[in-house]
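The following exercises concern secondary structure, burial and charged side-chain pairs. Please work through each task before reading its solution.

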Amino acid sequence: KGLCDTAQPYPISSSNIVDVLPMVKHAASIPCEGFVPCASGAAAAGSSLHILLPDAKNAFESAKVHLHARALPQALDLVQEATSLYQRVVDSPLHIRISRCLDLTAVILFQAQEMELAAINAERALAVSIQIGGFDCAEVIPALSLSTHILLNSGNIASGVKHIRASMYLMEVLGGPRYVELSNLYQRLGTIYHEIGSFINALRFYQEALSRKNQDRITEGMLSRTSANILAILSQFKAAFETEKRSYHTFLTTLGEEHELTKNSASTLKNYMKKAIEQGARSAEKDKKREEEEAADAVAKEIKADEEAEEKKKKKKKKPKKKKGN
């Protein structure tokens, strides 16, 4: 704060200042405006420094209201205004409010089907969050989630998977291996690989999701059922039967015997059992045939060895003896 001698003309001298304490930061309403000297009465009321944090916050909240009303152009204008106001207030692009403005900009552009611009703004929000709190701060996880959603919907699967893996790593570091959202992320990765036909990787991630803590029993049952389906595609019918059995018991205890999911699971379970029995019979038949072939080969080799030994004996008998000299 400053104590100014109003009798002295502006600018004030250093002898007029008793102490300086940092207060809330302000910014000018237009670029050419600057800080004005301390004044009282009517002069103070005409101060040009009227841009405050609440002004930026109001613009941000108005942008959210317009977004919910599907007025995307107005929402985009307001959030861009909020971003500009925050930068002028804090005098830096590295602020959590600016990161949130960039997040909202990305959401608006995504809903407007401007995928490339949405991805750029989402990556900017992620970069700001990382620079403010580091890669392992809690604000990075929702920023990664938004980037992932935009990248996957725009067809950039590789980058989307990379962001999901980063989110999984952060969740496990910050929340521990039993963090509830980890199962959902493993399931999401499994779904991505399932859709592109990479069944081995999909199965691996589904099984990892099942091994993680999941409070939703229905989701757990669906995971088991999807895993059983992949095992059936890979012709592992016995394993598919065991996995589908787990899904059936989950649906039975959670939804009851008359629910559609329980009935479908029971029907699938019978189908897998039938195929597993048929596969087992074919496998036993193949094993038997292989054993017979191996036995026949062994007999043939023995006969051939006997014939060769007999041939050697005959040659030895036919070989003429040398006469002794006189």
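Four exercises on this predicted model follow, each with a worked solution.

**Exercise 1. Overall architecture**

Task: Determine how many helices and strands the protein chain contains, and characterise its contacts and surface.

Solution.
1. The assignment gives 12 helices and 0 strands in the protein chain.
2. Read along the sequence, the pattern is accordingly written α-α-α-α-α-α-α-α-α-α-α-α.
3. Among contacts with a separation of 6 or more, 53% link residues 24 or more positions apart.
4. The protein chain has 326 residues, and 32% of them count as buried.
5. The accessible surface comes to about 21100 Å², and carbon and sulfur atoms contribute 55% of this area.

**Exercise 2. A pair in helix H2**

Task: Establish whether Glu61 and Lys64 satisfy the salt-bridge criterion, and classify the accessibility of each residue.

Solution.
1. The criterion requires a side-chain nitrogen of Lys or Arg within 4 Å of a carboxyl oxygen of Asp or Glu.
2. The closest N and O atoms of Glu61 and Lys64 are 3.9 Å apart, and the pair forms a salt bridge.
3. Both residues belong to helix H2 (residues 53-68), where Glu61 and Lys64 are 3 residues apart, about one turn of the helix.
4. Partly exposed denotes the range between under 20% (buried) and over 50% (exposed).
5. Glu61 is partly exposed because its relative accessibility is 33%; Lys64, at 31%, is also partly exposed.

**Exercise 3. A pair in helix H10**

Task: For the salt bridge between Arg217 and Glu220, decide whether each partner is buried or partly exposed.

Solution.
1. The closest N and O atoms of Arg217 and Glu220 lie 3.4 Å apart.
2. Helix H10 (residues 217-233) holds both partners, with a spacing of 3 residues, about one turn of the helix.
3. Arg217 has a relative accessible area of 38% and is therefore partly exposed.
4. Glu220 has a relative accessibility of 15%, so this residue counts as buried.

**Exercise 4. Helix H11 and the salt-bridge network**

Task: Describe the salt bridge between Lys245 and Glu242, then state which residues are joined into one network by shared partners.

Solution.
1. The side chains of Lys245 and Glu242 meet at 3.7 Å, N to O.
2. Lys245 and Glu242 are both in helix H11 (residues 237-255), 3 residues apart, about one turn of the helix.
3. Lys245 is partly exposed at 29% relative accessibility, and Glu242 is partly exposed at 42%.
4. Elsewhere, salt bridges with shared partners join Glu172, Glu208 and Arg212 into one network.
5. The total count by this rule is 8 salt bridges.

Definitions and conventions
Residues are numbered from 1 along each chain as its sequence is written. This is a predicted model: local features need pLDDT of at least 70, side-chain atom pairs count only at pLDDT 80 or more; totals for chains, interfaces and linings use all residues. Side-chain values use heavy atoms; hydrogens and water are left out. Helices (H or I, at least four residues) and strands (E, at least two) are DSSP runs, numbered from the N terminus. Buried means under 20% relative accessible area, exposed over 50%, partly exposed in between (1.4 Å probe, protein chains only). Contact means heavy atoms within 4.5 Å. Accessible areas come from the Shrake-Rupley method with a 1.4 Å probe; for residues, only the protein chains shown count as cover.
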